[in-house]
Each structure stands twice: as structure tokens, then as C-alpha cells.
Amino acid sequence: MFKDQNGETIGLTLVTVVAVMEASGEWQFALNRFLLSLIGIGSAFLINIFFLPPKPQEQFREQIHSVFGQLSLLLRTAVSDEMKEKVFREQKHSLQDALRSLSDKYKAAGGGAEEAQTGQIP
């Protein structure tokens with residue numbers, strides 16, 4: 001499927017289109033489904049704006065603190081040799097995934113245009 005920031009949105013859109021197109025020959029039914037889908041999307045948008053607005057900066061900061069905590073733990077255990085090799089590798093892969101996620105979020109927010117070209121994490 002598509003590799004995009006809005007991967008879930010694309011899937012939901014395709015399901016909605018299939019549901020609307022499923023009404024073979026009944027245009028009123030298809031139009032009714034389409035309008036109900038638009039009402040649902042509009043109401044979700046309004047709820048997101050007024051009642052439960054997303055806080056991407058706060059989520060980004062929390063994720064940065066979590067990654068730094070994980071990095072600190074790995075550095076301490078690597079120096080003191082307290083962690084088994086298998087656990088260390090799992091934690092390292094988890095940390096790399098978290099750093100990749102942070103980097104993608106940073107690029108998506110418009111920051112780091114030069115870093116996005118070089119592939120370096122700021």
C-alpha cells in the first residue's frame with residue numbers, strides 16, 4: 001500500500017469509497033451514504049478543534065524525553081555491563097526506531113530541510 005504520513009487516512013478513504021460505490025444503481029442510497037460520511041468527517045473535525053485538540057509539540061517533547069531516558073539507560077548499562085547482549089540489542093533496535101520516528105516527525109513539521117536531505121538527525 002502507500003508509504004505516507006497519512007497511511008491510515010488513505011485506508012479509511014478507500015473503505016468509504018467502496019462503501020459508497022457498493023450501492024449498485026441506487027443513487028439516493030449512495031448519496032445518503034456519502035452525505036453521512038461527510039457529516040461524520042465534519043463532526044470529527046469539529047470535535048478535534050474544540051474539545052480534544054491535538055498537542056503535537058507536547059507529544060514531541062514527551063517522546064524526546066522518553067528517547068533520552070532510554071539512551072541514558074543503554075549508556076549506563078553498556079558501561080557497567082549489567083545487561084545481557086540479547087536484551088541490549090532489543091533495546092538498541094527499539095531506540096533506533098524511536099529516533100527514526102522522531103526524525104520523521106521533525107521533518108514532517110517542516111523543520112530540518114537541510115538535515116532531511118543529508119539524512120542526519122539534528
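A residue is termed exposed when its relative accessible area is over 50%, buried when that value is under 20%, and partly exposed in between. In the predicted model described here, Leu52 has a relative accessible area of 59% and is therefore exposed. Leu52 is placed in the loop between α2 and α3, and the surface around this residue is taken up again below, after the overall architecture.

The secondary structure of the chain consists of five helices and zero strands, which gives the pattern α-α-α-α-α along the sequence. Of the 122 residues, 12% count as buried. The accessible surface of the chain amounts to about 10300 Å², and carbon and sulfur atoms contribute 61% of that area. Among the contacts with a sequence separation of 6 or more, 37% involve residues 24 or more positions apart.

Helix α3 covers residues 56–80. For the 25 residues of α3, a rise of 1.5 Å a residue leads to an expected span of 36 Å, and the end C-alpha atoms lie 36 Å apart, so the two values agree. The buried residues of this helix are Gln63, Val67, Gln70, Leu74 and Thr77. An α-helix has 3.6 residues a turn, so residues three or four places apart point the same way. The cover over the buried residues of α3 includes α4. Just after α3, the backbone at Asp81 adopts a positive phi of about 60°.

A nonpolar patch on the surface is formed by Phe45, Leu46, Ile47, Ile49, Phe50, Phe51 and Leu52, with about 800 Å² of accessible area together. Leu52, the exposed loop residue introduced above, is thus listed among the members of this patch. Asn48 is located in helix α2, which comprises residues 27–50. With a relative accessibility of 40%, Asn48 falls between the limits of 20% and 50% and so counts as partly exposed. When residues up to four places away in sequence are set aside, Asn48 touches Pro53 and Pro54.

A search of the whole structure identifies two salt bridges. In one of them, Arg89 is paired with Glu85, and the closest N and O atoms are 3.7 Å apart. Arg89 and Glu85 are both in helix α4 (residues 85–108), and because they are four residues apart, about one helical turn separates them. Arg89 has a relative accessible area of 48% and is therefore partly exposed. Glu85, at 49% relative accessibility, is likewise classed as partly exposed.

In the other salt bridge, Asp97 is paired with Arg100, with the closest N and O atoms 2.9 Å apart. Asp97 and Arg100 also belong to helix α4; they are three residues apart, so their separation is about one helical turn. The relative accessible area of Asp97 is 45%, which means that this residue is partly exposed. Arg100, with a relative accessibility of 46%, also counts as partly exposed. Both pairs meet the distance criterion for a salt bridge, because a side-chain nitrogen of Lys or Arg must lie within 4 Å of a carboxyl oxygen of Asp or Glu, and the closest N and O atoms are 3.7 Å apart for Arg89 and Glu85 and 2.9 Å apart for Asp97 and Arg100.

Notes
Residues numbered from 1 in each chain as written. Predicted model: local features only at pLDDT ≥ 70, side-chain atom pairs only at ≥ 80, totals over all residues. Heavy atoms only, no water. Helix = DSSP H or I, 4+ residues; strand = E, 2+ residues; numbered from the N terminus. Buried < 20%, exposed > 50% of the residue type's maximum accessible area, 1.4 Å probe, protein only. Contact = heavy atoms within 4.5 Å. Patch = residues over 30% accessible without salt bridge, like charges linked within 9 Å, V, L, I, M, F, W, Y side chains within 5 Å. Areas by Shrake-Rupley, 256 points an atom, 1.4 Å probe, with all protein chains shown as cover. Expected span 1.5 Å × (residues − 1).
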